[in-house]
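Let's read a structure together, one feature at a time. Have the viewer open and follow along.

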Amino acid sequence: MTEPTLAPDQEEGAIRPDRQPEVPGASTAARAVTEGEPASPAAAAVEPPESAREEVLVLDFGGQYSQLIARRIRECGVYAELLPYSTPVDRIAARSPRALVLSGGPASVYAEGAPALPTELLELGVPVLGICYGMQAMAHALGGRVEAAEAGEFGRTRLEVAGDGGRLLGGLPTEQQCWMSHRDCVREAPPGFVALAASPGSPVAACESVERGLYGIQFHPEVVHTPYGTQILERFLREIAGCEERWSPASVIDEQVERIRAQVGDAEVICGLSGGVDSATAAALVHRAVGDQLTCVLVDHGLMRKNEAEQVVHAFRDELGVKLVHVDAQDRFLARLAGVTEPEAKRKIIGEEFIRVFEEEARKLKDASFLVQGTLYSDVIESGGDGNGAATIKSHHNVGGLPEDLDFDLVEPLRLLFKDEVRAVATELGLPDRIVWRQPFPGPGLGIRIVGGEVTRERLDILREADAILQEEIRAAGLYRELWQSFCVLPVVRSVGVQGDGRTYAYPIVIRAVTSEDAMTADWARLPYDLLERVSNRIINEVQGVNRVALDISSKPPATIEWE
């Protein structure tokens, strides 16, 4: 049994369970939901691309690392998709996968209502790899013994490979480290299986039945804390499943261009740009397909980082030649935010006002009938949509839903891709590095990084200048790409200081920098002391209204990445 899934922050790059899958190229009327509404319950796979001549299907039993399994398989050059464990066997068989992978999950196989594994899945004639709960479900279904372990295993664990390691683990070190996350264990492997490894809490930590093409491991090969995990996955994919290295994110560009042209025809298209890599890449891909039929709208709410709006305008209007409408709405947003201090109220106001501004601009483009969305595959996975109803639009860069009467068909050219794959496509399309590698940024922008007080022009200016210094120094130190996020927070409190032999009463600035794989968990970044010293000195000396700099050393959990 694995630990329960951790909820990610609601920020760009984090998972957003607010949309339903749609077959690429299909024209579906857009229907918006406001932030926080539940998604539809069923789920279906995205139609695989033509470039994926072979695929591996990952059946999700609710594991914390299920998405990561699919990502790691794709990194091995094999196309993979994530399906719910309840997907009918005949639908899986119709996909003709080269292999199946059964993910981990939080349940116990012997508990009432636990997700069951249909034995028909194990008889499709393709190799199957069970991971954690997936292995336990396989063992339980085939007559093995699964029970609660004397003690759970969580984190780094010593693994001892038995004998020659069999087909799956053969040639790997006899003693190695792996990453475990379970309370149950396989006490006895099913009849016909050979036990391959053991750990202190797992008598059968790996097993296989080569004749039947069934393999199981209790540990997680998809996480970086299992040093030989990638080798194990590659062995399963290459030597056991016979997959070749055929998948790359760049391979979808030409195919998506053709799909977009077929879908849009000669109609006009509109796209809301946020400055993030998702919307930017979607816009660039659509522009390559239909050129001047696309108009992008950048709603500048005055809550972006220093010079960010100008960078987006330059990249798209000046360098790519995209038709771009830049709406300066800072005064309008500040007026709505006056006197508001409660975080959720800020988010809703910013979201609602964005909707109104975007709606006004959309109505000016009377011939536009398609709306570009930067939907990613992680969004499709988390949505639970069944693909049969109207598509659900992502709240534009996580600030709110579009109105129901804004009737567009969706164009979603990135819905096959994970975030890292989007960056690869963005690079191939010629987007500048500053956009390609832009760190996640919340939709409400700096509005939710002013904590405990209202958003004012003065506080925005202070926070923007402090954040610009932090970003400049982190880039100069060569650390920008190593960090998931780095930013400044302005708590609306004042503290006493001394500057120029005089007493000051000014704001503090808090530095927040974290490392993460996917924002579901995050650790505070150990920034070099000399870097922190430079940043602190510069902020205090160069930003009027600041006399103190602090460092947030909280990890997620228990803290979140953003403060509000």
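**Reading the features**

Y215 is buried, and F236 is buried too (buried is under 20% relative accessible area, exposed over 50%, partly exposed in between, with a 1.4 Å probe and protein chains only).

Q: Before we go on, what sort of model is this?

A: It's a predicted model, where local features need pLDDT of at least 70 and side-chain atom pairs count only at pLDDT 80 or more, while totals for chains, interfaces and linings use all residues. Residues are numbered from 1 along each chain as its sequence is written, and side-chain values use heavy atoms, with hydrogens and water left out.

Q: How many aromatic pairs are there, and what is the rule?

A: Rings of Phe, Tyr and Trp (its six-membered ring) pair if their centres lie within 6.5 Å; planes under 30 degrees apart count as stacked, over 60 as edge-to-face and the rest as tilted. By that rule the count is six aromatic pairs. Take F61 and Y85: the ring centres are 5.2 Å apart and the planes sit at 20°, so this pair is stacked. The two are 24 residues apart, with F61 in the loop between β2 and α1 and Y85 in the loop between β3 and α2 (89-94). Helices (H or I, at least four residues) and strands (E, at least two) are DSSP runs, numbered from the N terminus.

Q: Which of the labels buried, partly exposed and exposed do F61 and Y85 get?

A: F61 counts as buried at 6% relative accessibility, while Y85, at 31%, counts as partly exposed. For another geometry, go back to Y215 and F236, an edge-to-face pair with 6.2 Å centre to centre and 75° between the planes. Y215 belongs to strand β10 (residues 214-217) and F236 to helix α5 (residues 229-240), 21 residues apart. Also, F61, Y85 and Y133 form one aromatic cluster.

Q: What is the strand order in the sheet?

A: Two strands pair if DSSP finds at least two bridges between them. Here an open sheet of nine strands runs β3-β2-β4-β5-β10-β9-β8-β6-β7, with mixed pairing. β3 (79-84) and β7 (175-188) stand at the edges with a single partner strand each, so one side of each has no neighbour in the sheet. The twist from one strand to the next averages 25°. Inside the sheet, β4 (residues 99-102) and β5 (residues 128-131) run parallel and are joined by three bridges; L102 has G130 as its bridge partner in β5.

Q: Where does helix α1 lie?

A: Helix α1 (residues 66-75) lies across β2 (55-60), β3, β4 and β5, running at about 160° to β3. Axes are lines fitted to C-alpha atoms, for helices over the stretch in contact, and angles run from 0 to 180 degrees between N-to-C directions. α1 is mostly covered, with nine of its 10 residues buried, including L68, I69 and I73. After α1 comes G77, whose phi is positive, near 85°.

Q: Which residues is L122 in contact with?

A: Contact means heavy atoms within 4.5 Å. Leaving aside neighbours within four places in sequence, L122 touches L117, V128, M138, L142 and L214. L122 is found in the loop between β4 and β5 and is buried, with a relative accessible area of 6%.

Q: At what angle do α9 and α10 pack?

A: Helix α9 (residues 330-337) and helix α10 (residues 343-364) pack at about 145°, with their axes 10 Å apart.
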